[in-house]
Amino acid sequence: MTSPIRLNLIGDNKPAERLHDLVKAPENTAWAQEKKHSWDASEPATVYYTPEVMPDGEQTTAATVILRTKGCHWWWSSGCTFCGYFNDTRDDVESKDLHAQWEYSKRKLSNFEGMGMVKVYTSGSLLEDREIPVDFQETVLRECAEMGKHLIIESRTEQCTMEKLQWASNINPDFTVAIGLEAHDDEVLRFHINKGFSLKSWVRAVENIRKVGQRVKTYLMFKPPFMNEGDALEQCTKWIIAAAEASDEISVNPMNIQRGTIIDRLFRAREYRPPWLWSLVELIQRTHPIIHPKGGLAGAEDQICRLIIHPTAAGRVRGSHNCGKCDKHVGAAIERYSVSGDLREFDGLDCACRKVWLNEIHLDTSTPVILGVGIPRRGPILEHLRSP
Ligand code: SF4
Ligand SMILES: [Zn+2]
């Protein structure tokens, strides 16, 4: 007798009951579940500090605390196509664990001494009661206010109701809400990103945040899934311009491929190449005159909003990259621009691969090739054939 058909990606040899589980097969595999529950719930995912700029333009050091949480409620029912945060979560994290992680983080960074800013990220929304117990939300808000640190939190739009924001602002009068809008375009939000909220919902959230006197940071994504390089450049330029007035700060996240996501599948099928660093340079050059109508630098009077781009894993195959030879210099110039807001950071940058990139942009925007004409991988052909 032949054995029944096994859906072995699911891990426990039982057929999946929902399409949702099939789409998320990598997350449900035995190895992924084992890894997820191997994390220590009393320690944060990571804690570090970086140079930053305060809302008033002053240079400071910012602590970043990434907590180990239950993850994002949108992921539980669906999830964004590129989001790999589930890799860092644990299903059973409670208030006492989060408090232990918070104490650990403060100990590790000497109570954030000498730091003007604290970023608390939860792989979801800090102000979402289903993800984060309310008493812990309160601890973070209150302690940062008491310590006099500017707090940055992340949130989806649904949590930014007047009621919730007023409650949070009564505890902490000085924080920034960072929203992963990703694209200022309903079609892209729906079909490329599966964001689960609309532009209208973002507009409402921004209005509410402004009404309670807090700051808005907007994340935009450069080159979402199912989009070619040329379209990404055209689209993202439009999104920055459209979101600038409503945001105190725009942070562009160039796609990097995280394990077990839909974009990871596309990438491994060689149907997606992470963005070129040249595209990011071009994006900055196109949008700088809009962000700074009088040609000012970062923090200048003419600044409509702050524009920052930190390419994660720059120069790596799973992050934004060029040819491999020029990546370090181009990546560093982009990082420098995020601090200085000075276009001269790109003076003198060139490489033979710039022509290849330019050609790709030209063909992507002039021929009907939906996923683009670009070669998905760089390097020698033998390496492509050997890679998984
Ligand atoms: S809303 Fe944010 S945390 Fe939730 S699935 Fe999307 S990207 Fe991930
Ligand atoms: Zn190059």
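Start by selecting strand S4, residues 150-155, and look at its two faces: His150, Ile152 and Glu154 lie on one side, Leu151, Ile153 and Ser155 on the other, and all of them are buried. Here "buried" means that 20 or more other C-beta atoms lie within 10 Å of the residue's own, "exposed" means 12 or fewer, and "partly exposed" is in between, with C-beta atoms placed from the backbone. Strands (E, at least two residues) and helices (H or I, at least four) are DSSP runs, numbered from the N terminus. Six of the six residues of S4 are buried, so the strand is largely enclosed by the rest of the structure.

Before you go on, know that this is a predicted model, in which local features need pLDDT of at least 70, side-chain atom pairs count only at pLDDT 80 or more, and totals for chains, interfaces and linings use all residues. Residues are numbered from 1 along each chain as its sequence is written, while chains are lettered from A and ligands numbered from 1 in the order in which they are written.

**Stop 1: the neighbours of S4**

Keep S4 on screen and add strand S5, residues 175-182; the two pair in the parallel sense over five bridges. Strands count as paired if DSSP finds at least two bridges between them. Which residue of S5 is the bridge partner of isoleucine 153? Select valine 177 to see that partner.

Now add helix H7, residues 162-171: S4, H7 and S5 make a right-handed β-α-β unit. Right-handed means that, with the strands pointing away from you, the path from the first strand over the helix to the second runs clockwise.

**Stop 2: strand S3**

Next, select S3, residues 117-121. Is this strand largely enclosed or not? Five of its five residues are buried, so S3 is largely enclosed by the rest of the structure. Met117, Lys119 and Tyr121 cover one side, and Val118 and Val120 the other.

S3 pairs with S4 in the parallel sense over four bridges. Show methionine 117 and you will find histidine 150 of S4 opposite; for lysine 119, the bridge partner in S4 is isoleucine 152. Add helix H6, residues 134-147, to complete a right-handed β-α-β unit of S3, H6 and S4.

Then bring in strand S2, residues 59-66, which runs parallel to S3 and is joined to it by five bridges. Two pairs to pick out are alanine 63 opposite valine 118 and isoleucine 66 opposite tyrosine 121.

**Stop 3: the whole sheet**

Select the eight strands together. They form an open sheet in the order S1-S2-S3-S4-S5-S6-S7-S8, with mixed pairing. S1 (46-53) and S8 (306-309) stand at the edges with a single partner strand each, so one side of each is left without a neighbour in the sheet. On average, neighbouring strands of this sheet are turned by 25° against each other, direction ignored; the axes behind such angles are lines fitted to C-alpha atoms, for helices over the stretch in contact, and angles run from 0 to 180 degrees between N-to-C directions.

**Stop 4: ligand 1**

Now centre on ligand 1. Around it are Cys72, Trp74, Trp75, Gly79, Cys80, Cys83, Tyr85, Ser123, Gly124, Arg156 and Gly180, where a residue is near a molecule or strand if its C-beta atom, placed from the backbone, lies within 6 Å of it. This shell has six nonpolar, four polar and one charged residues. Nonpolar covers Ala, Val, Leu, Ile, Met, Phe, Trp, Tyr, Cys and Pro; charged covers Asp, Glu, Lys and Arg; the others, Gly among them, are polar.

**Stop 5: two loop residues**

Go to proline 55, in the loop between S1 and S2. This proline has 14 C-beta neighbours inside 10 Å, so it counts as partly exposed. Leaving out residues up to four places away in sequence, proline 55 touches His150 and Arg215; contact means C-beta atoms, placed from the backbone, within 7 Å. Proline 55 and arginine 215 are 160 residues apart in sequence and 8.7 Å apart in space, C-alpha to C-alpha.

Finish at serine 198, in the loop between helix H8 (186-193) and helix H9 (199-211). Serine 198 has 13 C-beta neighbours inside 10 Å, so it counts as partly exposed.

Notes: Contact = placed C-beta atoms within 7 Å.
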